[in-house]
Amino acid sequence: MDKELIVIPCSGIGKPYGEISRQAVYELLEDIRPEQVETVCLGRLMIRDPEVLEKLQNGFVITVDGCAKDCALKNVEATGKKVDKAVRTLEVFKEHRDLKPEGVLNLGEAGYTLAHYLAEKLSGEVECLAKEE
Amino acid sequence: MPGATEISRDLKPFKIGIVPCNGEEICAGSVTRFACRKVLDELRKGKTVTICLPLFIAGDKGEQQFASRFPTITVDGCDKRCSAISTERLSGKPSYSIVVTDLLKDKGLTLSESPRVLSETDKQAVDIIAEEIAKKVDELLGEAGDA
Ligand code: SF4
Ligand code: SF4
């Protein structure tokens with residue numbers, strides 16, 4: 001894959017779903033697809049950091065949002081970049097309603113398992129984009 | 001919607017807003033999250049509120065007015081100061097702006113490389129930053145009380 005693939009979680013701070021988005025992206029980056037995927041601070045988009053804007057323009061972008069506010073998606077789009085795939089944490093949660101995260105940041109076993117399922121879903125999306133290229 | 005923000009809908013003036021940058025790329029970004037949650041959940045529970053920073057672009061008017069409704073402390077992982085700059089541009093001027101890397105340099109503490117899992121030193125840093133935020137919360141509450 002020649003184009004860089006950037007996966008950006010929303011990292012919401014109010015409920016566990018933001019942390020699940022973040023942990024799923026770290027698992028994808030470090031354990032499942034190291035050297036194929038990277039992330040950038042969402043905050044750097046908000047300050048229009050030129051280095052990040054250029055990276056986005058030239059790469060594939062997947063956003064991962066903790067709720068229907070779709071902050072990661074909307075913040076990428078606000079830079080003028082169309083995202084290649086937008087994923088919501090709740091899509092995975094709906095399939096595993098028995099798994100209840102413990103705290104907002106300390107997710108507990110159930111929360112980390114949800115993050116793992118989300119990471120696998122993201123890995124599938126990465127594969128689809130790689131085939132498209 | 002799981003209700004990702006914690007904005008109190010009553011407009012009580014004596015709560016302080018805390019807005020971490022949540023930077024994903026470096027450990028200092030994770031420290032902002034944990035330190036802010038420690039203040040919200042333990043150190044100054046009931047006296048502080050938070051909001052997801054990217055809601056200043058993605059959210060509704062009420063959410064975007066956060067920093068004009070609450071005296072606000074921004075907490076940034078590094079000197080790019082994404083939270084301080086975005087909060088000021090999109091919501092209102094923060095009352096205080098804390099930068100984790102600057103503060104830790106003064107204390108001689110070096111963070112780990114991992115934003116994913118906090119080391120013991122990173123956890124120590126969380127405590128230091130949380131205490132600093134709590135101190136600023138008290139100052140702002142004191143000022144509000146004096147008014
Ligand atoms: S999408 Fe939801 S959880 Fe994520 S940052 Fe936005 S409001 Fe917070
Ligand atoms: S202040 Fe630094 S760590 Fe925080 S979002 Fe910006 S670049 Fe990332």
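Start in chain B and select strands β1 (residues 16–20) and β3 (residues 72–76). The two run parallel, and 4 bridges join them. Keep in mind that this is a predicted model. Zoom in on B:V19. Its bridge partner in β3(B) is B:T74.

**The sheet of chain B**

Now widen the selection to the whole sheet. It is open, has 4 strands, and follows the order β2-β1-β3-β4, with parallel pairing. Which strands stand at the edges? They are β2 (48–50) and β4 (96–99) of chain B. Each has a single partner strand, so one side of each is left without a neighbour in the sheet. Turn the view to look along the sheet of chain B. From one strand to the next, the twist averages 25°. As background, strands of a sheet pair through backbone hydrogen bonds, either parallel or antiparallel.

**Helices on the sheet of chain B**

Add helix α5, residues 82–90 of chain B. This helix lies across β1, β3 and β4 of chain B. Its direction is at about 145° to β3(B). Next, select helix α6, residues 100–107 of chain B. Here the strands crossed are β3 and β4 of chain B. Helix α6(B) runs at about 65° to β4(B).

**The sheet of chain A**

Move to chain A. Its open sheet also has to be read strand by strand: 4 strands, in the order β2-β1-β3-β4, with parallel pairing. The edge strands are β2 (37–38) and β4 (85–88) of chain A, and each pairs on one side only.

Select β1 (residues 5–9) and β3 (residues 60–65) of chain A. They run parallel and are joined by 5 bridges. Which residue of β3(A) stands opposite A:L5? It is A:F60.

Bring in α1(A). It lies across β1, β2 and β3 of chain A, at about 155° to β1(A). Then show α6(A). This helix packs on the sheet and touches β1, β2, β3 and β4 of chain A. The direction of α6(A) makes about 160° with that of β3(A).

**Ligand 2**

Now select ligand 2. Where does it lie? It sits between chains A and B. Show the residues around ligand 2. From chain A there are A:C41 and A:R44. From chain B, pick out B:C21, B:G23, B:I26, B:D76, B:G77, B:C78, B:K80, B:R81 and B:C82. Colour this shell by class: 5 residues are nonpolar, 2 polar and 4 charged.

**Empty space**

Rolling a probe the size of a water molecule over the atoms shows where empty space is left. How many cavities of 30 Å³ or more are there? The count comes to 2.

Go to the second largest cavity. About 40 Å³ of space lies in it. On the chain A side, select A:C10, A:S11, A:L42, A:G43 and A:M46 from its lining. Chain B adds B:C21, B:N22, B:E24, B:L53 and B:P54. By class, the lining of this cavity has 6 nonpolar, 3 polar and 1 charged residues.

Finish at the largest pocket, with a volume of about 530 Å³. It is lined by 24 residues. Select the ones closest to its centre: A:L105, A:N106, A:Y112, B:F34 and B:L118. Then show four helices: α1 (16–32) and α6 (108–132) of chain A, and α1 (27–43) and α7 (120–146) of chain B. Each supplies at least two residues of the lining of the largest pocket. Which helix gives the most to this lining? It is α1(B), with 6 residues. Colour the lining of the largest pocket by class to end: 9 nonpolar, 5 polar and 10 charged.

Key. Residues are numbered from 1 along each chain as its sequence is written. Chains are lettered from A and ligands numbered from 1 in the order in which they are written. This is a predicted model: local features need pLDDT of at least 70, side-chain atom pairs count only at pLDDT 80 or more; totals for chains, interfaces and linings use all residues. Side-chain values use heavy atoms; hydrogens and water are left out. A residue is near a molecule or strand if one of its heavy atoms lies within 4 Å of it. Ala, Val, Leu, Ile, Met, Phe, Trp, Tyr, Cys and Pro count as nonpolar, Asp, Glu, Lys and Arg as charged, and the others, Gly among them, as polar. Two strands pair if DSSP finds at least two bridges between them. Axes are lines fitted to C-alpha atoms, for helices over the stretch in contact, and angles run from 0 to 180 degrees between N-to-C directions. Contact means heavy atoms within 4.5 Å. On a 1 Å grid over the protein atoms alone, a cavity is a set of points where a 1.4 Å probe fits but cannot get out, and a pocket is an open set with protein on both sides within 12 Å along at least five of seven lines; lining residues have an atom within 4 Å of a point. Grid points are joined across faces, edges and corners, and a volume is the space filled by probe spheres set on the points.
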